[in-house]
Structure formats: structure tokens, C-alpha cells
Amino acid sequence: MTKYLLVSFKTCPWVQRSAIVLREKNIDFEFRHIDRDNRPDWFLAISPHKKVPVLRVDDTISLFESNAINEYLDETIAPRLHPDDPVARAINRAWTDYVPTFAEQVTGVAYADDAAAGQKCLAQIPQAFERIERALEKQGAGPFFNGAKYSLVDAGYAPFLQRYYFLDRIMPIGQIEKYPRLKAWADTLIKRPSTHSFPAAEFEALYRLTVKQRKKWLSQFIAEAAVAAE
Ligand SMILES: N[C@@H](CCC(=O)N[C@@H](CS)C(=O)NCC(=O)O)C(=O)O
């Protein structure tokens with residue numbers, strides 16, 4: 001039986017998208033969380049960009065970049081999450097390629113240095129949401145990106161939609177309600193067990209703590225008391 005080790009920082013959304021695919025495929029894997037500020041030598045030796053995720057296969061192969069890892073998992077382990085139709089597959093890959101831009105536009109406020117930069121980030125959210133709303137309109141019925149069948153696109157967006165809600169609860173943003181298909185999609189993904197690497201409330205508390213400790217503009221909106229209680 002193939003052995004899988006997924007190397008992670010606990011709150012990394014890119015790791016989460018690969019963990020989701022492993023869970024969707026019902027694969028047993030070791031989930032090993034390392035410290036971002038103290039990355040062990042064994043990890044530095046197997047991660048060319050020194051980033052997580054790394055998927056170690058059978059103690060011999062080290063794969064990196066969440067999208068490449070997910071494509072590999074989809075090629076090697078059933079059930080196939082990519083659509084069979086090549087056009088549909090190309091469209092899926094195109095929307096997965098949009099994830100880094102989406103992530104930056106939707107969660108960039110968490111890294112803003114001051115109010116002006118924060119407002120600029122928040123102002124970018126409607127463009128990202130509008131693009132996905134239009135894509136979902138073209139895709140059809142839902143509840144998933146391709147309709148009835150879960151795909152790599154769902155796995156790609158779920159961590160960032162989850163973080164939008166975390167941010168919206170730190171500082172009311174109030175955007176997703178304006179995009180009904182996107183909201184329905186996000187809510188479906190958030191309810192799906194595979195989205196979650198940790199119990200939901202525990203993970204949101206950890207996310208808030210990470211944002212607080214980052215000492216950026218958004219940190220001030222997380223009360224000390226709330227962090228202490230979490
Ligand atoms: N494009 C990469 C992004 C991975 C990434 O940015 N990982 C972050 C943690 S969430 C990281 O390891 N950062 C450490 C660093 O930049 O040194 C992927 O999809 O795997």
C-alpha cells in the first residue's frame with residue numbers, strides 16, 4: 001500500500017487544498033505539521049521552495065506545489081475528480097489557475113499594513129466574486145462547481161471561501177451575500193467534511209490567533225480577550 005505524508009503548517013490554505021483531495025479520495029495519510037518559524041532540516045531538504053505543502057510518497061518521492069500534488073493524486077487514485085470531457089477539464093484547470101489571484105483579492109486584507117492598504121484590498125473583493133459568480137452561472141446547477149460531481153475546482157477554492165467567512169467575522173465585509181451562486185457554493189463547501197482538517201471552531205480560533213500575531217492592520221480588530229478565550 002502506498003504511504004503518503006503531507007507536510008504542513010497548520011493554517012496553510014495551500015496544504016488544506018491537498019488535504020481535501022486526499023480526504024475526498026479516502027486515502028490514509030500522515031498529516032505532519034511543522035513550525036513555520038523553525039522548519040526542520042529534513043523538510044528543507046525535500047522542499048525546493050522551502051514551502052508547504054510537500055507530499056512525500058513512499059518515503060522516496062517529494063512532490064510540491066498544491067496544484068501539482070492534486071493533479072498527481074487525481075491521476076493516480078480513484079475516483080477521478082477531473083471531468084472526463086477534455087473541454088470541461090480545460091475549463092476546470094483554467095478556474096483552478098485563477099485560485100492564486102482569487103486568494104490574493106479575497107484574503108489580501110489579512111496582510112495589509114495600514115487602513116489605506118486594507119481598504120484597497122477590500123475594494124478588490126467584488127471583482128473576484130463577480131468573476132466566480134459568472135463562472136458558476138455558466139457551469140449550471142450546482143451544488144458543486146461542475147454540478148452534481150465534486151471536482152478539483154471545489155477543493156481549490158474551499159480554503160479561501162472559508163477564510164473569507166473568517167475575515168467577515170473579524171471585520172464585517174458583507175460582500176458574499178451579493179453573489180447568490182457563489183454564496184450557495186461556498187456554503188456547500190464549508191458544510192462538506194473534507195474541507196476541514198481540524199474541528200471548525202478550533203481552526204477559526206487558530207486562524208484569528210495567527211492574524212492577531214501577524215500584527216498587521218487587521219490584528220487590531222481581534223480583541224485580546226477573544227484570543228485569550230480561544
Ligand atoms: N503555490 C504554492 C504556495 C504554497 C505557500 O505559499 N505556502 C506557504 C504557507 S501557506 C509557505 O510555505 N510559505 C513559506 C515561505 O514562503 O517561506 C502552493 O500552491 O503549494
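**Entry 1: helix 6 and helix 8**

I began with two helices in this predicted model. Helix 6 covers residues 115–139 and helix 8 covers residues 180–191. I looked up how their axes meet: they come within 8 Å and cross at roughly 85°. Angles of 65 to 115 degrees count as roughly perpendicular, so helix 6 is roughly perpendicular to helix 8.

Next I wanted to know which residues make this contact. From helix 6 I noted Phe-129, Ile-132, Glu-133, Leu-136 and Glu-137. Helix 8 brings Arg-181, Leu-182 and Trp-185. Sorted by class, I have five nonpolar and three charged residues here, and no polar ones.

**Entry 2: helix 4 and helix 7**

My second pair was helix 4 (residues 86–97) with helix 7 (residues 152–170). I found their axes 9 Å apart, at an angle of about 15°. Angles under 35 degrees count as roughly parallel, and helix 4 and helix 7 are therefore roughly parallel to each other. I also checked the handedness: helix 4 passes helix 7 in a left-handed crossing.

On the helix 4 side, the contact uses Asn-92, Trp-95 and Thr-96. Leu-152, Val-153 and Gly-156 meet them from helix 7. My tally for the contact of helix 4 with helix 7 is three nonpolar residues, three polar and no charged.

**Entry 3: two domains**

I then stepped back to the whole chain. Its domain assignment gives domain 1 as 4–76 and domain 2 as 86–221. Taken over C-alpha atoms, the centres of domain 1 and domain 2 are 21 Å apart. How many residues does each domain give to the contact? I found 13 from domain 1 and 16 from domain 2.

I followed the domain 1 side a little further. Helix 1 (13–24) and helix 3 (66–76) are the elements that give two or more residues to the side touching domain 2. Helix 1 has the largest share of that side, with eight residues. By class, the side of domain 1 that touches domain 2 has five charged, four polar and four nonpolar residues.

**Entry 4: around the ligand**

Last, I asked myself which residues surround the ligand. My list reads Phe-9, Cys-12, Trp-14, Lys-50, Lys-51, Val-52, Pro-53, Glu-65, Ser-66 and Asn-67. I sorted this shell too, and it divides into five nonpolar, two polar and three charged residues. Looking back at my ranges, I see that Trp-14 falls in helix 1 (13–24), while Ser-66 and Asn-67 fall in helix 3 (66–76).

Methods: Residues numbered from 1 in each chain as written. Predicted model: local features only at pLDDT ≥ 70, side-chain atom pairs only at ≥ 80, totals over all residues. Axes fitted to C-alpha atoms, helices over the stretch in contact; angles between N-to-C directions. Helix = DSSP H or I, 4+ residues; strand = E, 2+ residues; numbered from the N terminus. Parallel < 35°, antiparallel > 145°, perpendicular 65-115°, else oblique. Left-handed = near helix turned anticlockwise from the far one by under 90°. Contact = placed C-beta atoms within 7 Å. Nonpolar A, V, L, I, M, F, W, Y, C, P; charged D, E, K, R; others polar. Domains from an automatic or database assignment. Near = placed C-beta within 6 Å.
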